[in-house]
Amino acid sequence: MITTLKQPTLSLSNSDLLRQKYGITRSQFSSFPQIICGKPSLSVEKPLYISSAVKGFGLSDGGLKERREPLIKCEAYEADRSQPVDSGLDDDRLEAAKRIKIGIYFATWWALNVVFNIYNKKVLNAFPFPWLTSTLSLAAGSLIMLLSWATRIAEAPKTDFEFWKTLFPVAVAHTIGHVAATVSMSKVAVSFTHIIKSGEPAFSVLVSRFLLGETFPAGVYWSLVPIIGGCALAAVTELNFNMIGFMGAMISNLAFVFRNIFSKKGMKGKSVSGMNYYACLSMLSLLILTPFTLAVEGPQMWAAGWQKALSDIGPTFVWWVAAQSVFYHLYNQVSYMSLDEISPLTFSIGNTMKRISVIVSSIIIFNTPVQPVNALGAAIAILGTFLYSQAKQ
């Protein structure tokens with residue numbers, strides 16, 4: 001039964017409701033425990049419904065039945081609501097939606113990174129000019145974001161001179177790390193480069209400890225043992241080892257550590273989204289890298305190499321160059337966007353899983369020969385990276 005109470009035209013007490021429905025006398029009703037409502041005031045703007053309140057009293061049309069356990073369930077809701085409000089259910093739905101969103105970020109991040117590494121290696125095999133390849137990647141990302149801002153697909157960030165000043169050392173480190181990684185992949189297998197790059201946490205701890213004076217829990221230092229040991233085992237058993245490729249990956253690790261340090265120190269309190277932050281970083285890195293690219297390689301070398309690549313591969317080579325440039329920006333953009341949604345620990349774990357997906361996929365696609373002991377070294381290094389991310393928290 002639904003009873004509508006409207007103020008001030010109708011006023012019913014608890015006893016009136018029960019006596020009218022079930023014919024209970026005042027003497028019978030006196031045995032009921034007193035029910036005290038916490039909030040005496042009711043809204044006068046909307047009628048209040050009382051839903052199935054009397055079932056808990058153990059009453060029937062025949063009269064009063066004695067029950068010891070209190071089974072009273074009162075549910076009140078306003079006229080424009082069909083059910084009582086359940087805030088816990090809404091929270092669960094929001095949490096589930098957030099998890100799905102993070103899962104989509106991670107899946108997209110890993111997929112884009114795998115595609116970039118495949119096309120990047122194909123380009124470098126046919127066109128071994130890592131400086132120009134790195135520059136094209138940054139140029140593509142800068143162009144994409146400028147068009148997005150111009151067409152209002154994305155909101156342009158509000159920046160000032162101080163923002164670009166604090167971003168400059170981050171861009172320098174990012175530029176060095178990007179070029180060094182590309183140089184590495186032009187000389188060795190993609191899988192080997194990423195195995196060495198999984199040792200980045202070791203550089204992070206060493207730099208933070210000896211240059212910044214930071215201290216870490218004992219578990220962090222112990223996690224460096226499998227990282228360093230695994231990378232060393234993978235390096236000495238690599239069939240196609242190249243010192244330039246090895247040093248490129250190591251320099252990339254060191255540069256990205258400084259990039260993270262400068263970014264944390266310089267960007268505190270800056271209200272720029274992850275997507276726009278990486279866009280600004282790409283543009284500034286492009287300005288820094290372009291003159292060095294011209295000096296190291298130059299148009300004459302590019303022209304000769306481009307003609308050779310076209311003659312060997314055909315027009316498909318142009319697609320490879322465009323794909324590696326675009327996918328480089330997209331995977332980095334998604335990774336920075338995910339930082340707005342997840343904790344650094346979750347991001348670190350996701351980055352570890354990303355390296356596993358890149359290593360496995362590149363070995364399969366390029367038919368990279370891998371010895372069992374080499375695979376063991378890679379597994380140990382990646383395990384150490386995971387342990388590091390856990391111990392640091």
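What share of the contacts in the protein chain with a separation of 6 or more comes from residues 24 or more positions apart? The figure is 84%, where a contact means heavy atoms within 4.5 Å.

Before you start clicking: this is a predicted model, in which local features need pLDDT of at least 70 and side-chain atom pairs count only at pLDDT 80 or more, while totals for chains, interfaces and linings use all residues. Residues are numbered from 1 along each chain as its sequence is written, and side-chain values use heavy atoms, with hydrogens and water left out.

**The whole chain**

Put the chain in cartoon view and you'll find 14 helices and 5 strands. These are DSSP runs numbered from the N terminus, with helices being H or I of at least four residues and strands being E of at least two. Now colour by accessibility: of the 393 residues, 43% count as buried. Buried means under 20% relative accessible area, exposed over 50%, and partly exposed in between, using a 1.4 Å probe and protein chains only.

**Helices α6 and α7**

Select residues 190-197, which make up helix α6. Because 8 of its 8 residues are buried, α6 is largely enclosed by the rest of the structure. Among them are Phe192, His194 and Lys197.

Next, take residues 200-210, helix α7. Here 8 of the 11 residues are buried, so α7 too is largely enclosed by the rest of the structure. The buried set includes Glu200, Pro201, Phe203 and Val207.

**Arg355**

Keep Glu200 on screen and add Arg355, which sits in helix α13 (residues 344-365). Which side chain of opposite charge is nearest to Arg355? It's Glu200, 4.0 Å away, yet buried Arg355 has no salt bridge. For the charges, Lys and Arg count as positive and Asp and Glu as negative, with His and the chain ends not counted. A salt bridge would take a side-chain nitrogen of Lys or Arg within 4 Å of a carboxyl oxygen of Asp or Glu. Show the surroundings of Arg355 and you get His194, Lys197, Ser198 and Glu200 in contact, leaving aside neighbours within four places in sequence.

**Ser285**

Jump to helix α10 (residues 274-296) and pick out Ser285. Is Ser285 buried or exposed? Buried, with a relative accessible area of 0%. Draw two distances from its side chain: one to the backbone oxygen of Leu281, at 2.9 Å, and one to the backbone oxygen of Ala171, at 3.3 Å. Setting aside residues up to four places away in sequence, Ser285 touches Leu138, Ala171, His174 and Thr175.

**Met337**

Now select Met337 in helix α12 (residues 316-339). Met337 is partly exposed, at 22% relative accessible area. Measure across to Trp109: the two residues are 228 apart along the chain, with their C-alpha atoms separated by 9.9 Å. Tyr105 and Met275 are what Met337 touches, not counting residues up to four places away in sequence.

**Rings and cysteines**

Show Phe127, Phe129, Trp306 and Phe317 as sticks; they form one aromatic cluster. The structure has 15 aromatic pairs, a pair being rings of Phe, Tyr and Trp (its six-membered ring) with centres within 6.5 Å.

Last stop: the cysteines. How many disulfides does the structure hold? The count is 0, taking a disulfide as a pair of cysteine sulfur atoms within 2.5 Å. Select Cys231, which counts as buried at 11% relative accessibility, then Cys280, buried with a relative accessible area of 1%.

Notes: Polar contact = N/O pair within 3.5 Å; in protein donor to acceptor, adjacent residues only side chain to side chain. Phe/Tyr/Trp six-rings, centres within 6.5 Å; stacked < 30°, edge-to-face > 60°.
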